[in-house]
Amino acid sequence: MAILQKHVKNSSSEFVKSTTESTVFTEAGPLQKEEADDPYWSRSETQLWTVVLLLGTCLLYCARVAAPICAVSMASEFQWGKKESGIVLGSFFWGYCFTQVLGGYVSDRVGGEKVIVMAAVGWGSLLALTPMIAHFSSVPLVSVTLSRFLMGLLQGVHFPSLASLFSQKVRQHERAFISSTVGTGSQIGTLLIGGAGSVLMDWYSWEFVFYVAGLLAVSWAYCIWKHLLKGPIISLETVGVGLVKSKNARIPWKRLFSKPPVWAVIFAHLCTSSTFYTLLSWLPTFFKDSFPEAKGWVFNVVPWLVAIPSSVLGGYLSDHLISLGYETAVVRKLMQFFAMGASSVFTLLLCGTRTFPLAIAFVSATMGFQTFTHSGVAVNVQDLAPSCAGSLYGVMNTGGALSGVFFVYFSGYVIDTTGSWASVFALMSLVNVVGLVIFLVFAEAERVDIDVSKPKCESIQI
């Protein structure tokens, strides 16, 4: 019995010792070492940040779409034609393309959530000040164009920061659903500003659309800083960690740009963006021109009501197929087929549409299928280069912003010159189909930011 007791005592002490070595004690209780070192969000943290970032993306698009929603009223007040309106609407993308890479690069080093909050304070404040900038300027076209350019600069960091954040904090098999859910903020925001903006313009004036959207964005950023970040957004410690990362983790640009899958994802995103931004900017004007008697709240709301569940469905379907064992690359290509191929069919159908209900149905289908890109190209960049996803997404989104600049302005020119919307819709469909073919042929989901064929040296303890 004494021998047995001694054996039990020794076993217990060894168990306590091994448990102590593999356990980290925190204020909330003991955590296993692997759990404590886990860089990914816990389930509760994932749920919280998903809601927070969804709301932030929603407000981002409320701010972005405020000008297109008010474009007709502003053009009437300041006596702008289609070309002048195109300059104002397109100026956003000139600014938007300049900060993509910088935003992703900084987010990879100091944290995407910090960059998102700081930028939101800036673009929210600028949006709220836009009406005053327009009215107190002797040349409203120049002042509003400049304010839209600056807002594009500040909003340009948002999506690269999200890509960086998700690649660092969300596991691969959960990224499509999280990305698509947060991505629905673009549709929800457009829906809200479309409905509420139309009401505000009817009850008050177009200026109130800018006031409300801007102040809500600043309030959101303040709440995140106060309750989630809790402290200075950028501290000396954060800057020091960022500098160390910058020194020790250089981005392998040469290696990335030598890989066909990287070029495929960039080109596909550029083509998708050209369609989305052009529709986003010109759809209110299209419906006003083609169906003057139509109610603004209908065409500003219905397409986005369809797009919201479509985006979530795409994310769920993508993660579910991967969990069933389908190859990640195949799933990404399938999602992009819906986003670019199926949507282009309905965009082409808009060319010959003569009735308002059919136009609403085709636009809704186009917008709904386009949201599948959140589970295709948008997540594929995180598959390819998780170590520098923010920076690579910045390069990718820069191309998308440049296509937005060109197509938004060029569409205004074509409409003014020909008086026809059919040529614009046909051109956008052609560009999408070309981008889809390139993506289907060359896209992959294996990491290209490192050489996975080289064996890693691991220390062995004896």
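A helix here is a DSSP run of H or I, at least four residues long, and helices are numbered from the N terminus. Keep that in mind, because we will go by helix number today. One residue to hold on to is threonine 366, which lies in helix 17. We will come back to it.

First, the overall picture. This is a predicted model. The chain has 20 helices and 2 strands. It runs to 462 residues, and buried residues make up 53% of them. Now take the contacts with a separation of 6 or more. Residues 24 or more positions apart account for 85% of those.

How far can we trust it? The average pLDDT of the chain is 81, and 85% of the residues score at least 70. Which elements sit at the two ends of the scale? Strand 1, residues 23–26, has the lowest mean pLDDT, at 40. Helix 16, residues 328–349, has the highest, at 94. Two stretches need a warning. Residues 236–244 stay under 50, and the model gives them 5 contacts beyond four places in sequence. Residues 455–462 are also below 50, with 0 contacts beyond near neighbours in sequence. Where pLDDT is low, do not read the predicted coordinates in detail.

On to the packing. Start with helix 9, residues 172–203, and helix 15, residues 302–323. Their axes are 7 Å apart, at an angle of about 175°. That makes the two helices roughly antiparallel, because an angle over 145 degrees counts as such. Look at the contact in the structure. On the helix 9 side you will find, among others, Phe177, Gly183 and Leu191. Facing them from helix 15 are residues including Trp304, Ile308 and Tyr316. By class, this contact has 10 nonpolar, 9 polar and 3 charged residues.

Next, helix 3, residues 43–78, and helix 13, residues 260–290. Here the axes come within 8 Å and cross at roughly 30°. The crossing is right-handed. Helix 3 brings Tyr61, Arg64, Val65, Pro68 and Val72. Helix 13 answers with residues that include Phe276, Tyr277, Pro284 and Lys288. The count for this contact is 8 nonpolar, 2 polar and 2 charged.

Stay on helix 13. Helix 17, residues 356–370, packs against it as well. The angle is about 155°, and the axes are 12 Å apart. So helix 13 and helix 17 are roughly antiparallel to each other. How is this crossing handed, left or right? It is left-handed. From helix 13, the contact uses Thr272, Thr275, Phe276, Leu279, Leu283 and Phe287. From helix 17, it takes in Phe356, Ile360, Thr366 and Met367, among others. The classes are 9 nonpolar, 4 polar and no charged residues. Did you spot Phe276? It meets helix 3, and it is also part of the contact with helix 17.

Back to threonine 366, as promised. Is it buried or exposed? Threonine 366 is buried, because its relative accessibility is 1% and the cut-off is under 20%. What does it touch, leaving out residues up to four places away in sequence? The answer is Leu279, Ser343, Phe346 and Thr347.

Last stop, glutamine 79. Find it in the loop between helix 3 and helix 4. Its phi is near 60°, a positive value in a residue other than glycine. Glutamine 79 is exposed, with a relative accessible area of 73%. Set that beside threonine 366, which is buried.

Key. Residues are numbered from 1 along each chain as its sequence is written. This is a predicted model: local features need pLDDT of at least 70, side-chain atom pairs count only at pLDDT 80 or more; totals for chains, interfaces and linings use all residues. Side-chain values use heavy atoms; hydrogens and water are left out. Axes are lines fitted to C-alpha atoms, for helices over the stretch in contact, and angles run from 0 to 180 degrees between N-to-C directions. Angles under 35 degrees count as roughly parallel, over 145 as roughly antiparallel, 65 to 115 as roughly perpendicular and the rest as oblique. Contact means heavy atoms within 4.5 Å. Ala, Val, Leu, Ile, Met, Phe, Trp, Tyr, Cys and Pro count as nonpolar, Asp, Glu, Lys and Arg as charged, and the others, Gly among them, as polar. pLDDT is the predictor's confidence in each residue, from 0 to 100. A crossing is left-handed if the near helix is turned anticlockwise from the far one by less than a right angle, and right-handed if clockwise. Buried means under 20% relative accessible area, exposed over 50%, partly exposed in between (1.4 Å probe, protein chains only).
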